[in-house]
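Here is a short note to help you find your way around a structure you have not met before. Please keep the view open as you read, and turn to each residue as it comes up.

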Amino acid sequence: MIFGNGHFAKSPVQSQKYIWLAEYYDGTFLTEYDLENRKTNSFYDIDKNKLIKFGLIGCGNQIYFDVANGIYNINRDRIMLSYVADGTEYPLTGRAILYNDIIQFKEAAAEANLLTKGKSEGRMHSTIMTHAIGYKKAMDISGVKIHFQTILHLPLDQPAYLQIKISSSQDLNGKLIVRMNGLIASEIEAPLKANMAGIINWTP
């Protein structure tokens with residue numbers, strides 16, 4: 001297994017600080033760049049039916065979530081989310097359902113010298129500014145339909161943050177609860193209007 005093994009915490013290519021990694025229940029895995037020959041693999045080749053963990057490795061870090069419960073693991077710190085309204089707590093993570101509708105993308109900035117004449121080589125230089133992983137999930141909790149998406153952003157030279165997007169089939173006047181290692185780390189006022197999404201950015 002790769003995740004949980006501290007020997008695997010660096011990107012095999014110099015062009016990217018992080019690479020994505022998909023770990024399967026049979027002990028195999030798929031990485032964005034092969035750890036041996038650095039061959040590129042496609043995100044669309046990930047077998048979601050075998051997936052148990054998905055995340056990033058690089059810069060000495062392992063950042064991933066468990067597909068079986070949606071709980072994030074950031075260098076062994078476990079992040080869980082729930083929503084509390086009218087005395088009822090709606091768990092968003094930690095449920096016995098598959099969180100395998102995974103998301104992965106990068107944000108990049110490019111610099112170009114449009115005045116350069118001749119060969120185009122070297123005229124444009126791009127830099128990855130943010131790596132991001134996450135998932136989305138629709139669920140029915142106590143008769144309330146919840147649409148939930150969470151994406152962990154790792155910006156270049158800035159603190160990581162978790163973007164949480166949530167909508168409900170009915171009005172809810174509640175709070176988003178963020179737990180770290182089982183303890184409440186944040187309680188955020190987050191009233192929801194029916195069928196309208198609310199977005200919260202939370203910094204661990």
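The points below go from the whole chain to its cores and then to single residues.

1. **What kind of model this is.** Please bear in mind that this is a predicted model. The values in this note are computed from it.

2. **Overall make-up.** The protein chain has 14 strands and zero helices. Reading along the sequence therefore gives one β after another, in the pattern β-β-β-β-β-β-β-β-β-β-β-β-β-β, with strands counted as DSSP runs. The C-alpha trace spans about 65 × 45 × 30 Å along its principal axes.

3. **Contacts along the chain.** Which share of the contacts with a separation of 6 or more joins residues 24 or more positions apart? In the protein chain that share is 54%. One pair to look at is Val178 and Tyr83: they are 95 residues apart along the chain, and their C-alpha atoms are separated by 8.8 Å.

4. **Surface and charge.** Of the 204 residues, 42% count as buried. The chain exposes about 11,400 Å², and carbon and sulfur atoms supply 49% of that area. There are 21 positive and 20 negative charges, and the mean positions of the two sets are 4 Å apart.

5. **Two nonpolar cores.** The largest nonpolar core has 42 residues, and Ile46, Phe54, Tyr83 and Ile146 are those with the most contacts inside it. Strand β10, residues 144-155, gives the most to this core, with five residues. A second core is separate and has eight residues, among them Ile2, Leu21, Tyr33 and Tyr64.

6. **Val178.** You will find Val178 in strand β12, which covers residues 174-180. Is Val178 buried or exposed? Its relative accessibility is 0%, so Val178 counts as buried. Beyond its neighbours within four places in sequence, Val178 is in contact with Ile79, Met80 and Leu81, with the run Leu183, Ile184, Ala185 and Ser186, and with Trp202.

7. **His153.** Back in strand β10 sits His153. Because its relative accessibility is 4%, under the 20% cut-off, His153 counts as buried. Leaving out residues up to four places away in sequence, His153 touches Phe105, Thr130, His131, Ala132, Ala160, Tyr161 and Gln163.

8. **Asn69.** Not every buried residue discussed here is in a strand: Asn69 is in the loop between β4 (61-66) and β5 (72-74). Why does Asn69 count as buried? Its relative accessible area is 19%, and buried means under 20%, so Asn69 falls within the limit. A polar atom of the Asn69 side chain lies 3.0 Å from the backbone nitrogen of Ile71. Apart from residues up to four places away, Asn69 touches Thr93, Gly94, Arg95, Ile97 and Tyr99.

9. **Two loop residues with positive phi.** Cys59 is in the loop between β3 (51-58) and β4. Its phi is near 55°, a positive value in a residue other than glycine. With a relative accessible area of 46%, Cys59 is partly exposed. Ser142 is in the loop between β9 (124-141) and β10. Phi of Ser142 is also positive and near 55°, again in a residue other than glycine. Ser142 counts as exposed because its relative accessibility is 68%, over the 50% cut-off.

Notes
Residues numbered from 1 in each chain as written. Predicted model: local features only at pLDDT ≥ 70, side-chain atom pairs only at ≥ 80, totals over all residues. Heavy atoms only, no water. Helix = DSSP H or I, 4+ residues; strand = E, 2+ residues; numbered from the N terminus. Buried < 20%, exposed > 50% of the residue type's maximum accessible area, 1.4 Å probe, protein only. Contact = heavy atoms within 4.5 Å. Areas by Shrake-Rupley, 256 points an atom, 1.4 Å probe, with all protein chains shown as cover. Lys, Arg positive; Asp, Glu negative; His and termini not counted. Charge placed at Lys NZ, Arg CZ, Asp CG, Glu CD. Core = buried A, V, L, I, M, F, W, Y, C linked by side-chain atoms within 4.5 Å. Polar contact = N/O pair within 3.5 Å; in protein donor to acceptor, adjacent residues only side chain to side chain.
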